[in-house]
Amino acid sequence: MKQGNKWAEVQSPTNQNERHVKLFKKWLEENLPDLHERVKDHIYPIVIFKRAKWVKAKDCSMPVVIGGMEAVGEIRKVKGENICEEDINLIIEAVKNAKPLDHEEWKRKHSKRKEEDEKRYQVTTGKTSSGKMYVRILGTKEDAQKVAEEYKNQNYTISEIRQDKKDKNVWFFYYS
């Protein structure tokens with residue numbers, strides 16, 4: 001992707017978009033549960049590129065379009081009922097009034113670890129100087145694999161699990 005005048009690496013816009021849809025549905029389920037049931041089947045990913053006519057996508061897992069008009073055309077192809085205006089307005093208001101995500105609170109709320117597992121190993125998260133998000137686990141490789149699996153279940157993309165070169169009891173992986 002282009003940021004300013006520089007190109008920045010993106011692992012996969014389709015994976016990123018699928019993750020956004022899953023997270024948005026989860027957010028709706030937690031914040032507007034009745035509405036979530038009515039609209040969940042109407043929420044799907046679409047990749048929209050602006051000013052990028054050179055992009056060619058074939059056999060993609062989701063629609064890929066250039067600009068807003070192509071997006072409108074793609075949306076109109078969808079058969080069946082639409083989300084009613086009243087529900088759209090409820091979603092808009094909820095999003096406008098949403099609080100920033102507290103990553104630690106979200107992890108606690110969605111973690112399936114048992115208390116004894118939490119006592120056995122320590123998990124810290126952070127960001128490298130180049131901006132990559134990481135998870136560091138003080139424990140065994142199996143502990144690190146459990147933590148990695150939790151991140152996968154939360155729709156994060158993770159790198160391979162690696163052992164710290166200096167401390168053999170520390171394992172880490174990157175996520176996005």
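How many bridges join β6 to strand β8, and do the two run parallel or antiparallel? There are 6 bridges, and β6 and β8, residues 170-175, run antiparallel. Before going further: this is a predicted model.

I will stay with these strands for a moment. In the pairing of β6 with β8, Arg 136 has Phe 172 in β8 as its bridge partner. On another side of the story, β6, residues 133-138, is also joined to β5, residues 122-127, again antiparallel and by 6 bridges. Here Thr 125 stands opposite Val 135 in β6. β5 and β6 make a hairpin, with 5 residues between the two strands. In that turn, Gly 131 has a positive phi of about 95°. As a general reminder, side chains in a regular strand alternate between the two faces of the sheet.

Now the chain as a whole. The secondary structure comes to 7 helices and 8 strands. The chain has 176 residues, of which 28% count as buried. Taking contacts between residues at least 6 apart in sequence, 49% join residues at least 24 apart. The exposed area is about 13,300 Å², and carbon and sulfur atoms supply 50% of that.

Next, the aromatic residues. The whole structure contains 6 aromatic pairs. One of them is Phe 24 with Trp 27: the ring centres are 5.9 Å apart and the planes are at 15°, so this pair is stacked. Both residues sit in helix α1, residues 13-31, and they are 3 residues apart, about one turn of the helix. Phe 24 is partly exposed at 27% relative accessibility, and Trp 27 is partly exposed at 22%.

Tyr 156 and Tyr 175 form an edge-to-face pair, with 5.0 Å from centre to centre and 85° between the planes. Tyr 156 is in the loop between α7 (141-153) and β7 (162-163), while Tyr 175 is in strand β8, so the pair ties together parts that are 19 residues apart in sequence. Are these two tyrosines, Tyr 156 and Tyr 175, buried or exposed? Tyr 156 is buried, because its relative accessible area of 12% falls under the 20% limit. Tyr 175 is buried as well, at 8%. Ring pairs also link these two tyrosines with Tyr 151 and Phe 173, giving a cluster of Tyr 151, Tyr 156, Phe 173 and Tyr 175.

On to charges. The count is 5 salt bridges, and I will show three, beginning with Lys 96 and Glu 93, whose side chains meet at 3.1 Å, N to O. Lys 96 and Glu 93 are 3 residues apart in helix α4 (residues 85-96), so about one helical turn separates them. Lys 96 is exposed, at 59% relative accessible area, whereas Glu 93 is partly exposed at 38%.

Glu 74 and Lys 77 form another salt bridge, at 3.3 Å, N to O. Glu 74 is partly exposed, at 21%, and Lys 77 is exposed, at 55%. The bridge between Glu 160 and Arg 162 is at 3.9 Å, N to O. Glu 160 is exposed at 55% relative accessibility, and Arg 162 is partly exposed at 36%.

Last, the surface. Tyr 44, Ile 75 and Val 78 form a nonpolar patch there, with about 250 Å² of accessible area together. Tyr 44 lies in the loop between α2 (33-39) and β3 (47-49), and it is partly exposed, at 34% relative accessible area.

Key
Residues are numbered from 1 along each chain as its sequence is written. This is a predicted model: local features need pLDDT of at least 70, side-chain atom pairs count only at pLDDT 80 or more; totals for chains, interfaces and linings use all residues. Side-chain values use heavy atoms; hydrogens and water are left out. Patches are made of residues with over 30% relative accessible area and no salt bridge: like charges are joined within 9 Å, nonpolar side chains (Val, Leu, Ile, Met, Phe, Trp, Tyr) within 5 Å. Accessible areas come from the Shrake-Rupley method with a 1.4 Å probe; for residues, only the protein chains shown count as cover. A salt bridge is a side-chain nitrogen of Lys or Arg within 4 Å of a carboxyl oxygen of Asp or Glu. Helices (H or I, at least four residues) and strands (E, at least two) are DSSP runs, numbered from the N terminus. Buried means under 20% relative accessible area, exposed over 50%, partly exposed in between (1.4 Å probe, protein chains only). Two strands pair if DSSP finds at least two bridges between them. Contact means heavy atoms within 4.5 Å. Rings of Phe, Tyr and Trp (its six-membered ring) pair if their centres lie within 6.5 Å; planes under 30 degrees apart count as stacked, over 60 as edge-to-face and the rest as tilted.
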